[in-house]
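I opened my notebook to follow one strand and its surroundings. The ligand site came next.

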Amino acid sequence: MSPEACDPADDVLTPVYARRRLTDVPRNRLPAGESDAEAVYELIHDELMLDGNSRMNLATFVTTWMEPQAQKLMAETLDKNMVDRDEYPQTAEIERRCLKIIAGLWNSPTDANADTTAMGTSTVGSSEAAMLGGLAMKLRWQAGRADSDTERPNLVMGINVQVCWEKFCRYWDVEPRFIPMQGDRLHLGVDEAVALCDENTIGVIGILGSTYDGSYEPVEALCQGLDDLHRRSGLDIPVHVDAASGGFVAPFLQPDLRWDFSLDRVMSINASGHKFGLVYAGVGWVLWRDRSHLPEDLVFYTNYLGGPEPTMAINFSRPGSQVIGQYYNFVRLGHEGFRRIHQASQDVALWLAGEFEDTGAFDLLTTGVDLPVFAYRFTENTGATEFDLSYRYRDHGWQVPAYTFPRNRTDITALRIVCREGFSHDLATALLADTRRHLDHFAGTATTPSSTRFHH
Ligand SMILES: Cc1ncc(COP(=O)(O)O)c(C=O)c1O
């Protein structure tokens, strides 16, 4: 389309380097004709420079770096639709191997070589995985109740749950029963959880790695509390563990912690492969402890590879490449590789949290002993808000979120740093220097302009 042909009122993209081969491109309308592939590549590539640098995004739990060999494999498998198991039986086989590997990591009671390995599926992320875990609990509750049509089911969880659980409750008409924070308890309390349970409770969520501060909820104590409730009242309430982050951390950094299928009451677990499973965004996992805990209504059968194959998912089509990336990481890193990478992240978290505390300007809410994540806030006598500091961090490209806590600690505003592979000790040292510079600015003791580096 020539510039003359454009309506002057039309909003157009104006390519610079690509200008010789590309004329104005309408921003919000499909162009009338074709354009040169290389020029279009340059146009979009240039525009994406405006995005932040994902490696400096300390807000996200999601993987932002993978090895070139993993990227190559994933690029080679982008054309495979994960759901098309008939067409891509080997991709399906690799998904099955991943499920067995994860079942082993989470102490599934089922023999890894048996056909009846803990049932599960890959998903697009923990949100889809959580929906499936929640639905299974709801269906199981319905199956056990003659009056489930007139009673409303409820789900008990800490107020710190990720928004996916609120979505689950709203989308599938389940009453959310939240345990508020209290004092220094910034996640679920066992006694409080047990007290909220009744005959319409479909389950209790235990979070391995709270999104707010990286702390682990006391899953073993929760199971004991519910065992006790079972003995006292006959109510037999299952636990689903939302291990979105911790599912790929605890097996390596806290191998003695009991939070998984080693606890009889844990019925199902979800995790994000794209968080500490070290795969780019787009893969999650959900597993049930065994076949009997997975309601038939959640399962659909396809008959590939000569036998009926159970599948369950909310999404249908999605790329097989993320599952291939997950399998690459398992084979490439093994147990020791995952341990070494996450230990390095935890060392950085513990060190940086300690340095922040030593400035005297911050109180730590967490230190990085659970997930390699810590949350911090200003001590009372500092004259700036956490939102001010979050804003100032951006002058050198750091993304560090500031956010408020939920009921009953809405008085807390905090900042959170997620230490992931690629956030090296050197980068952490640079962040510490920037933090000190901002503190000097807030204290009015800065001797140089607050930013001494060139703004890109
Ligand atoms: C505890 C928890 N659950 C669920 C989710 C949702 O995960 P996903 O982004 O993989 O859907 C998150 C994301 O941060 C999380 O931290």
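**Strand 7 and the ligand**

I began with the connection: strand 6 (residues 201-207), helix 7 (residues 219-233) and strand 7 (residues 239-242) form a right-handed β-α-β unit. Right-handed means that, with the strands pointing away from the viewer, the path from the first strand over the helix to the second runs clockwise. Helices (H or I, at least four residues) and strands (E, at least two) are DSSP runs, numbered from the N terminus.

I noted that this is a predicted model: local features need pLDDT of at least 70, side-chain atom pairs pLDDT 80 or more, while totals for chains, interfaces and linings use all residues. Residues are numbered from 1 along each chain as its sequence is written, and side-chain values use heavy atoms, without hydrogens and water.

Next I checked pairing, which takes at least two DSSP bridges between two strands. Strands 6 and 7 run parallel, joined by four bridges. Gly206 has Val241 as its bridge partner. Strand 7 also runs parallel to strand 8 (residues 266-272), again with four bridges. There, Asp242 stands opposite Asn270.

Are the faces of strand 7 buried or exposed? I found Val239 and Val241 buried on one side, and His240 and Asp242 buried on the other. Buried means under 20% relative accessible area (1.4 Å probe, protein chains only).

Then I turned to the ligand. It has 13 residues around it (a heavy atom within 4 Å). Asp242 is among those that come nearest, with Ser126, Ser127, His274 and Lys275. A polar side-chain atom of Lys275 lies 2.8 Å from a ligand oxygen.

Conventions
Buried < 20%, exposed > 50% of the residue type's maximum accessible area, 1.4 Å probe, protein only. Polar contact = N/O pair within 3.5 Å; in protein donor to acceptor, adjacent residues only side chain to side chain.
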